[in-house]
Amino acid sequence: MIDNLTGNDVDLLATPSYTFTAKTTDYASRFRLVFSTDLDPLDNLADSFAFIDAAGNLIVNGTGLLQVFDVLGHQLYAKQLLPPNS
């Protein structure tokens, strides 16, 4: 993930969280996610992804704990994602 405001480049696989301060005047594309096609050491992540569709719905595929936080760090949502057929 790249913070376009500060220039910070964070490997979210090695560092599971990133703390930042935001203002209402920050621009919408402050963060940029960069996905690697080199999945050899990350075979279990090959089918994991998240995106927002054209209707504004968050689409998530994968397993683990999904947590959504607002810009103040308040947890808005948490759900354990299970593998299909489990």
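Two residues are said to be in contact when heavy atoms of theirs lie within 4.5 Å. In this predicted model, among the contacts of the protein chain that join residues at least 6 apart in sequence, 22% link residues at least 24 apart.

The protein chain has six strands and zero helices, so that reading along the sequence gives the pattern β-β-β-β-β-β. Some overall values for the chain are collected in the table.

| Property of the protein chain | Value |
|---|---|
| Buried residues, as a share of the 86 residues | 9% |
| Accessible surface | about 7200 Å² |
| Share of the accessible surface belonging to carbon and sulfur atoms | 56% |

One residue that can be followed in detail is Arg 30, which lies in the loop between strand 1 (2–3) and strand 2 (31–32). Because its relative accessibility is 5%, and buried means under 20%, Arg 30 counts as buried. Leaving aside neighbours within four places in sequence, Arg 30 is in contact with Ile 2, Asp 3, Asn 4, Leu 5 and Thr 6, and also with Phe 20, Thr 21 and Ala 22. With Thr 21 there is a further detail, since the side chain of Arg 30 reaches the backbone oxygen of Thr 21 at 3.0 Å.

Arg 30 also belongs to the lining of the second largest pocket, together with Phe 20, Ala 22, Lys 23, Thr 24, Asp 26, Tyr 27, Ala 28, Phe 31 and Val 71. This second largest pocket has a volume of about 200 Å³, and the residues of its lining divide into six nonpolar, one polar and three charged.

Conventions
Residues numbered from 1 in each chain as written. Predicted model: local features only at pLDDT ≥ 70, side-chain atom pairs only at ≥ 80, totals over all residues. Heavy atoms only, no water. Helix = DSSP H or I, 4+ residues; strand = E, 2+ residues; numbered from the N terminus. Buried < 20%, exposed > 50% of the residue type's maximum accessible area, 1.4 Å probe, protein only. Areas by Shrake-Rupley, 256 points an atom, 1.4 Å probe, with all protein chains shown as cover. Polar contact = N/O pair within 3.5 Å; in protein donor to acceptor, adjacent residues only side chain to side chain. 1 Å grid on protein atoms, 1.4 Å probe; cavity = no way out; pocket = protein on both sides within 12 Å on 5 of 7 lines; lining within 4 Å. Points joined across faces, edges and corners; volume = space filled by probe spheres on them. Nonpolar A, V, L, I, M, F, W, Y, C, P; charged D, E, K, R; others polar.
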